[in-house]
Amino acid sequence: MSKKPLKRQTERQPPKAVPKPRYLHIGALADASGRSVHTIRWYETQGLMPGVTRDAGGRRVYDPDHIGWLEFIEQLRQTGMSVAEMKDYAALVTRGRKSLPDRLTMLRAHRLRVKAELSKTRQALKLVESKIDYYDTWLETGERPPEIPRLGKKKF
């Protein structure tokens with residue numbers, strides 16, 4: 001038996017740059033986006049994931065841009081956009097540049113709804129804060145303060 005002599009490494013070579021993947025499989029997309037595989041599949045079956053293809057083995061193949069897309073549709077969901085509206089938006093995206101005016105119209109309308117909802121939420125927060133102040137005063141003084149304006153006859 002002959003043994004090959006071990007080569008000595010006199011200089012350390014810098015690690016080779018790993019190219020950015022051109023595509024991701026669903027597990028890698030889930031890891032990169034913080035979404036579960038189940039959620040990503042649900043989004044896809046609902047028509048919310050444009051541009052998904054399959055490789056030769058039939059596995060889903062995602063573009064790295066899908067990471068940002070998942071974040072975007074999550075923000076749309078959090079701001080109250082319905083799944084039906086998100087489907088319409090995703091369908092517009094698949095039409096490319098010619099759908100830009102329609103996408104802009106959709107997002108502007110959504111922005112108006114979000115701003116209106118924020119206004120209602122701010123008003124509700126003001127009422128909650130005034131109620132907290134009311135109770136704080138009551139506890140500090142030991143006496144019930146005058147009624148909070150706009151609460152009507154009920155004493156909560």
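## A nonpolar patch on helix H5

Let's start at the surface. In this predicted model, Leu125, Val128 and Ile132 together make a nonpolar surface patch of about 260 Å². If you want to find the patch in the structure, Val128 is a handy landmark, and its place is in helix H5. Val128 has a relative accessibility of 47%, so it counts as partly exposed.

## Helix H1 and what covers it

Now move towards the start of the chain, to helix H1, which spans residues 26-33. Which of its residues are buried? They are Ile26, Leu29, Ala30 and Ser33. Looking down the axis of H1, you would see these buried residues fall within an arc of 100°, which means that they line one face of the helix. A general point about helices helps here: an α-helix has 3.6 residues a turn, so residues three or four places apart point the same way.

What covers the buried residues of H1? The cover includes helix H2 (37-45), strand E2 (60-61) and helix H3 (65-78). At the other end of the story, H1 is followed by Gly34, and the phi of Gly34 is positive, near 80°.

## Arg41, a neighbour of Ile26

Helix H2 is home to Arg41. This arginine is partly exposed, with a relative accessible area of 39%. Leaving aside residues up to four places away in sequence, Arg41 touches Ile26 and Arg60.

The contact with Ile26 leads back to helix H1, where Ile26 is one of the buried residues. In sequence, Arg41 and Ile26 are 15 residues apart, while their C-alpha atoms are 8.4 Å apart in space.

## Salt bridges

Side chains of opposite charge can pair when their charged atoms come close. How many salt bridges does the structure hold? There are seven, and three of them are described here, beginning with Asp55 and Arg59. The closest N and O atoms of that pair are 3.1 Å apart. Asp55 is partly exposed, at a relative accessible area of 21%; the cut-off for buried is under 20%.

Next come Glu74 and Arg77, whose side chains meet in a salt bridge at 2.6 Å, N to O. Both are in helix H3, and because they are three residues apart there, about one helical turn separates them. Is Glu74 buried or exposed? With 12% relative accessibility, Glu74 counts as buried, whereas its partner Arg77 is partly exposed, with a relative accessible area of 43%.

A further salt bridge joins the side chains of Arg113 and Glu85, at 2.9 Å from N to O. Arg113 lies in helix H5 (residues 100-141) and Glu85 in helix H4 (residues 83-94), so this pair ties together parts that are 28 residues apart in sequence. Arg113 is partly exposed, with a relative accessible area of 39%, and Glu85 also counts as partly exposed, at 23% relative accessibility.

## Aromatic pairs

A pair of aromatic rings is described by the distance of the centres and the angle of the planes. The count for this structure comes to six aromatic pairs. One of them is formed by Phe72 and Tyr89: their rings are tilted, 5.6 Å centre to centre, with 50° between the planes. This pair links distant parts of the chain, with Phe72 in helix H3 and Tyr89 in helix H4, 17 residues apart. Phe72 counts as partly exposed at 28% relative accessibility, while Tyr89 is buried, with a relative accessible area of 8%.

Tyr134 and Trp138 form another aromatic pair, this one edge-to-face: 6.0 Å centre to centre and 75° between the planes. Both lie in helix H5, four residues apart, about one turn of the helix. Tyr134 counts as buried, at 6% relative accessibility, and Trp138 counts as partly exposed, at 29%.

## An aromatic cluster

Which residues join Phe72 and Tyr89 in one aromatic cluster? The answer is Trp69: Trp69, Phe72 and Tyr89 form one aromatic cluster. As noted above, Phe72 is in helix H3 and Tyr89 in helix H4, and helix H3 is also among the elements that cover the buried residues of H1.

Methods. Residues numbered from 1 in each chain as written. Predicted model: local features only at pLDDT ≥ 70, side-chain atom pairs only at ≥ 80, totals over all residues. Heavy atoms only, no water. Buried < 20%, exposed > 50% of the residue type's maximum accessible area, 1.4 Å probe, protein only. Helix = DSSP H or I, 4+ residues; strand = E, 2+ residues; numbered from the N terminus. Arc of directions from axis to C-beta. Contact = heavy atoms within 4.5 Å. Salt bridge = Lys/Arg side-chain N within 4 Å of Asp/Glu carboxyl O. Patch = residues over 30% accessible without salt bridge, like charges linked within 9 Å, V, L, I, M, F, W, Y side chains within 5 Å. Areas by Shrake-Rupley, 256 points an atom, 1.4 Å probe, with all protein chains shown as cover. Phe/Tyr/Trp six-rings, centres within 6.5 Å; stacked < 30°, edge-to-face > 60°.
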